[in-house]
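Here is a short tour of one protein chain, written to be read with the structure open beside it. Please keep the viewer at hand and follow along.

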Amino acid sequence: MARYPHIFSFLDVFSIEREYLDVASVQNTAQNFGLGGGGYADDLDAILCSFGAIGLVVNEINRDMGLLDLTHELITPAIQGKLAYIHALACTAIKLRIFPFALSLSKGEWKNPGSIS
């Protein structure tokens, strides 16, 4: 049993947030290279569908070359629900213009949050 069980909920949020940022990054990179992706959209289902298609193709190419998978996480319905929560927060931040990272997503740009001035 963990000594600090309250920490696990924070770890879960951080891992889901990291997954969400991975999805956004892959979407933006694919769009910049003309591979589809469509960039950032309000519809999380469309984002995840595109992400799955891109991930499948890139994973197959990587496996052919003996490399690790680009996307190794399986997005289960439980994870999709958690991603929907993070997505709703990002959409709200975009609409309220309160978070620079969210503003860059609304323009279809991916930037490292640490590099936004």
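What percentage of the 117 residues of the chain count as buried? In this predicted model, the figure is 28% of the 117 residues.

## Overall fold

Let us begin with the backbone. The secondary structure consists of four helices and zero strands, and from the N terminus on the elements follow the order α-α-α-α. Helix 1 covers residues 6–32, while helix 2 spans 44–64 and helix 3 spans 77–96.

How do parts of the chain that are far apart in sequence meet? Among the contacts with a separation of 6 or more, 57% are between residues 24 or more positions apart. On the outside, the chain exposes about 7900 Å², and carbon and sulfur atoms supply 64% of that area.

## Buried positions in helix 1

Helix 1 is a good place to look inside. Which residue there has a side chain that reaches the backbone nitrogen of Phe 51? That residue is Gln 27, and the distance is 3.4 Å. Gln 27 belongs to helix 1 and counts as buried because its relative accessibility is 1%.

Ala 30 is also found in helix 1. With 4% relative accessibility, Ala 30 counts as buried. Its C-alpha lies 9.7 Å from the C-alpha of Ser 50, with the two positions 20 residues apart in sequence numbering.

Tyr 20 has its place in helix 1 as well, and at 5% relative accessibility Tyr 20 counts as buried. Here the partner to look for is Leu 48: the two are 28 residues apart in sequence, and their C-alpha atoms are 9.8 Å apart in space.

## Salt bridges

Now for the charged side chains. Side chains of opposite charge can pair when their charged atoms come close. How many salt bridges does the structure hold? The count is four, and the table gives some of them.

| Acidic residue | Basic residue | Closest N and O atoms |
|---|---|---|
| Asp 22 | Arg 18 | 2.9 Å |
| Glu 73 | Arg 18 | 3.6 Å |
| Glu 60 | Arg 63 | 3.4 Å |

Arg 18 deserves a pause, as it appears with two partners, Asp 22 and Glu 73. The pair of Glu 73 and Arg 18 links distant parts of the chain: Glu 73 sits in the loop between helix 2 and helix 3, Arg 18 sits in helix 1, and 55 residues separate them. Together, Arg 18, Asp 22 and Glu 73 are linked in a network of salt bridges.

Why are Asp 22 and Arg 18 separated by about one helical turn? They are four residues apart in helix 1, so about one helical turn lies between them.

As for accessibility, Arg 18 counts as partly exposed at 40%. Asp 22, at 31% relative accessibility, also counts as partly exposed, and Glu 73 is partly exposed at 25%.

Away from this network, the salt bridge of Glu 60 with Arg 63 is set in helix 2, where the two residues are three apart and therefore about one helical turn from each other. Glu 60 is partly exposed, with a relative accessible area of 39%. For Arg 63 the relative accessible area is 47%, which means that Arg 63 is partly exposed.

## A nonpolar patch on the surface

Which residues make a nonpolar surface patch of about 390 Å²? The patch is made by Val 57, Ile 61, Met 65 and Leu 67. Leu 67 lies in the loop between helix 2 and helix 3. Its relative accessible area is 46%, so Leu 67 counts as partly exposed.

## Cysteines

Last, a look at sulfur. A disulfide is a covalent bond between the sulfur atoms of two cysteines. How many disulfides does the count come to? With a cut-off of 2.5 Å between cysteine sulfur atoms, the count is zero disulfides.

Is Cys 49 buried or exposed? Cys 49 counts as exposed because its relative accessibility is 57%, and the threshold for exposed is over 50%. Cys 91, by contrast, is buried, with a relative accessible area of 11%, where buried means under 20%.

Definitions and conventions:
Residues are numbered from 1 along each chain as its sequence is written. This is a predicted model: local features need pLDDT of at least 70, side-chain atom pairs count only at pLDDT 80 or more; totals for chains, interfaces and linings use all residues. Side-chain values use heavy atoms; hydrogens and water are left out. Buried means under 20% relative accessible area, exposed over 50%, partly exposed in between (1.4 Å probe, protein chains only). A polar contact is a pair of N or O atoms within 3.5 Å; within protein, one must be able to donate a hydrogen and the other to accept it, and residues adjacent in sequence count only if both atoms are side-chain atoms. Patches are made of residues with over 30% relative accessible area and no salt bridge: like charges are joined within 9 Å, nonpolar side chains (Val, Leu, Ile, Met, Phe, Trp, Tyr) within 5 Å. Accessible areas come from the Shrake-Rupley method with a 1.4 Å probe; for residues, only the protein chains shown count as cover. A salt bridge is a side-chain nitrogen of Lys or Arg within 4 Å of a carboxyl oxygen of Asp or Glu. Contact means heavy atoms within 4.5 Å.
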